[in-house]
Amino acid sequence: MNFHAIRAIYFYEMARTFRTLMQSVISPVISTALYFVVFGAAIGSRIEQVDGVSYGAFIVPGLMMLSLLTQSISNAAFGIYFPKFVGTIYEAMSAPVSYVELVIAYVGAAATKATALGLIILATATMFVDLEIQHPFVMLGFLVMTSITFSLVGFIIGIWADNFEKLQLVPLLIVTPLAFLGGSFYSISMLPPFWQTVTLFNPVVYLISGFRWAFYGVSDVPVIVSFGMTLVFLMAGLLIVRWIFKTGYRLKS
Amino acid sequence: MPTAAAISISGLYKTYDNGFEALKSIDLEIRKGEIFALLGPNGAGKTTLIGTVCGLVQPSGGTILADGHNVITEFRAARYKIGLVPQELTTENFESVWATVSFSRGLFGRSPNPAYIEQLLKDLSLWDKKDNKLMTLSGGMKRRVLIAKALSHEPDILFLDEPTAGVDVELRRDMWQVVRRLKEKGVTVILTTHYIDEAEEMADRVGVINKGEIVLVEEKDELMRKLGRKQLLLQLQDKLEEIPDTLKERGLELASDGYELIFTYDAQAERTGIAGLLEDLNAAGIRFKDLKTAQSSLEEIFVNLVREQQ
């Protein structure tokens, strides 16, 4: 293992976060706070409890997931896309670094940021609603696993994208809608039966449901299924990354 | 100098997906401690060849050893030995010089060594810029930073892909100085260039690549000697309409509207024929006001080689 390389890339990526504090931390926190004001306070006060939880508290796990997904993807995607775009990727490609080490460093840094961001949003949420976390370790487990999985997805997007438009395409056009429709703001049991079935094809449902279970002990699908699905996404991501580095796809000519 | 190979390439070829054959069966051995200049016109395959050695391009076939290590199966050991300065000035704009060079050292698996980095930056006249952000540096300074990055992990083999493209004269001289110092330290330097004077100035050996094939590899001095023709240029007092019959067999050329005679000869030959020529000129009543000799440069040799191949 080339630990020096992992360390170098990891800290380089973390330093980038601090250079772009506005966009990496402050803006997601502000937008989440806005969701709380609009959905939690303004509208939420007129909505009854969902699954025995006040609406403001009910949306916290979903909002955290929403930020977690979009931020881990865009962080990781940008982290690998940018060196590719300006050409500095030549250095990592010519260094004695294996793909496992590259993934650990880049995805690790993006996941660290996403996890930290999730916790910051959680802290922000406590200013608006009363929260109780029934299974804090499970919550942390889901937080970290989701961060890693979607940082991996972002990493893959960053390698695949050959322009800035594609870089934004997946987070904006796929992940955000899936997160909104995945039960961030409602329990899927509130949907008509047909749409409940359709919703089960949305992978984000499993993430949000499991995460919400960690908070309130209520979930749309059994928590073990949520856990299993998260693991499946993680494995799928790892397999794709393995293929990318084996073939040199979009990285080597 | 030991003659063991720093880089040993055999049967290397690269065909891109679109069918373009960038490299066609390259065999090349680069000796330890030498400065090897790889010459070739644009698109000849210079950068592709370097890319295959450094891991940027996947070879379609053949083997490459760097200091005895296969660059694919033992990529760690091989790449540890190699530093690469790319052709394009690609730098992270927001990083400081110190940070980016330290980053490179880590990336290549070396533990931090501030003293070494300090010396490196001083050697490259970058020390007073160490805290500057890269975006504030001039092109020449950025080039130095790229060299510092490539040397940050103390490689034995350094690839310089067109180190002086678009660089001013002064910096070019500096760059040559840097390369010479590296050679003194025992670093093998492989540089690509299409400035022939650069190769002529610095290289121990010269390889010429054209259309993905190595056309020639030769000691530079040997190459100059073998292919170098000397010319005697005579500036005439009076205009000469045509070469007199008595001089025709000497293979003279008339130039500058008849005011110059060019005599090409082999400088290595026993008898160059200069003395006889001058006597004949005298006999023919042709007077000259000045004369000089010129040796054909590597550039002409190169142009001839590439043209012959076409």
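**Group meeting talk: chains A and B of a predicted model**

Let me begin with chain A, where residues 24 or more positions apart account for 81% of the contacts with a separation of 6 or more. I should say at once that what we have in front of us is a predicted model, and that every value I quote is computed from it. On the matter of confidence, chain A has a mean pLDDT of 89, with 100% of its residues reaching 70 or more. Among the elements of that chain, helix H2, residues 21–43, has the lowest mean pLDDT, at 82, while helix H6, residues 136–160, has the highest, at 94.

As for the make-up of chain A, there are ten helices and zero strands, so that the pattern read along the sequence is simply α-α-α-α-α-α-α-α-α-α. The radius of gyration of this chain is 19 Å, which is close to the 18 Å that the globule rule gives for 253 residues, and chain A is therefore as compact as a globular protein of that length. Along the principal axes its C-alpha trace spans about 60 × 35 × 35 Å, and buried residues make up 47% of the 253 residues.

Let me turn to the core. Which residues touch the most other members of the largest nonpolar core? In that core, which counts 141 residues, they are A:Ala77, A:Tyr106, A:Phe155 and B:Ala37, a list that draws on chain A and chain B. The element that gives the most to this core is helix H3 of chain A, residues 55–86, with 17 residues. As background, nonpolar side chains in soluble globular proteins tend to be buried together.

A:Ala77 deserves a closer look. Once its neighbours within four places in sequence are left aside, A:Ala77 is in contact with A:Gly154, A:Phe155, A:Ile157, A:Gly158, A:Ala161 and A:Leu167; one of these partners, A:Phe155, is itself among the residues that touch the most other core members.

For a second position in chain A, I have picked A:Leu234, which is found in helix H10, residues 223–247. Is this residue buried, partly exposed or exposed? A:Leu234 has 17 other C-beta atoms within 10 Å, and because a residue needs 20 or more to count as buried and 12 or fewer to count as exposed, A:Leu234 is classed as partly exposed. Its contacts, again leaving aside neighbours within four places in sequence, are with A:Met145, A:Ile148, A:Thr149 and A:Leu152. From A:Leu234 to A:Ala77 the separation is 157 residues in sequence and 16 Å in space, C-alpha to C-alpha.

Now to the place where the chains meet. Here 22 residues of chain A are in contact with 25 residues of chain B. On the side of chain A that touches chain B, the elements giving two or more residues are helix H1, residues 3–19, and helix H4, residues 89–94, and of the elements there it is H1(A) that gives the most, with seven residues. By character, the residues on that side of chain A divide into eleven nonpolar, seven polar and four charged.

Chain B, in its turn, has a secondary structure of eleven helices and 14 strands. Its C-alpha atoms fill a box of roughly 80 × 45 × 40 Å along the principal axes, and buried residues make up 38% of its 310 residues. Of the contacts in chain B with a separation of 6 or more, 71% are between residues 24 or more positions apart.

Within chain B, helix H1, residues 46–54, is mostly covered, with nine of its nine residues buried, including B:Leu49, B:Ile50 and B:Val53 but also B:Lys46. This helix is followed by B:Gly55, which has a positive phi, near 95°.

Strand E14 of chain B, residues 288–295, offers another setting: of its eight residues the number buried is zero, so this strand lies largely in the open. E14(B) pairs with strand E11, residues 230–236, in the antiparallel sense over seven bridges, and in this pairing B:Leu233 stands opposite B:Lys292.

I will finish with a hairpin in chain B. Strand E9, residues 205–210, and strand E10, residues 213–219, pair in the antiparallel sense over six bridges, with B:Val206 standing opposite B:Glu218. Two residues lie between these strands, and in this hairpin B:Lys211 takes a positive phi near 50°.

Notes
Residues numbered from 1 in each chain as written. Chains lettered and ligands numbered in written order. Core = buried A, V, L, I, M, F, W, Y, C linked by C-beta atoms within 7 Å. Helix = DSSP H or I, 4+ residues; strand = E, 2+ residues; numbered from the N terminus. Contact = placed C-beta atoms within 7 Å. Rg over C-alpha atoms; globule rule 2.2 N^0.38 Å. Nonpolar A, V, L, I, M, F, W, Y, C, P; charged D, E, K, R; others polar. pLDDT = per-residue confidence, 0-100. Pairing = 2+ DSSP bridges.
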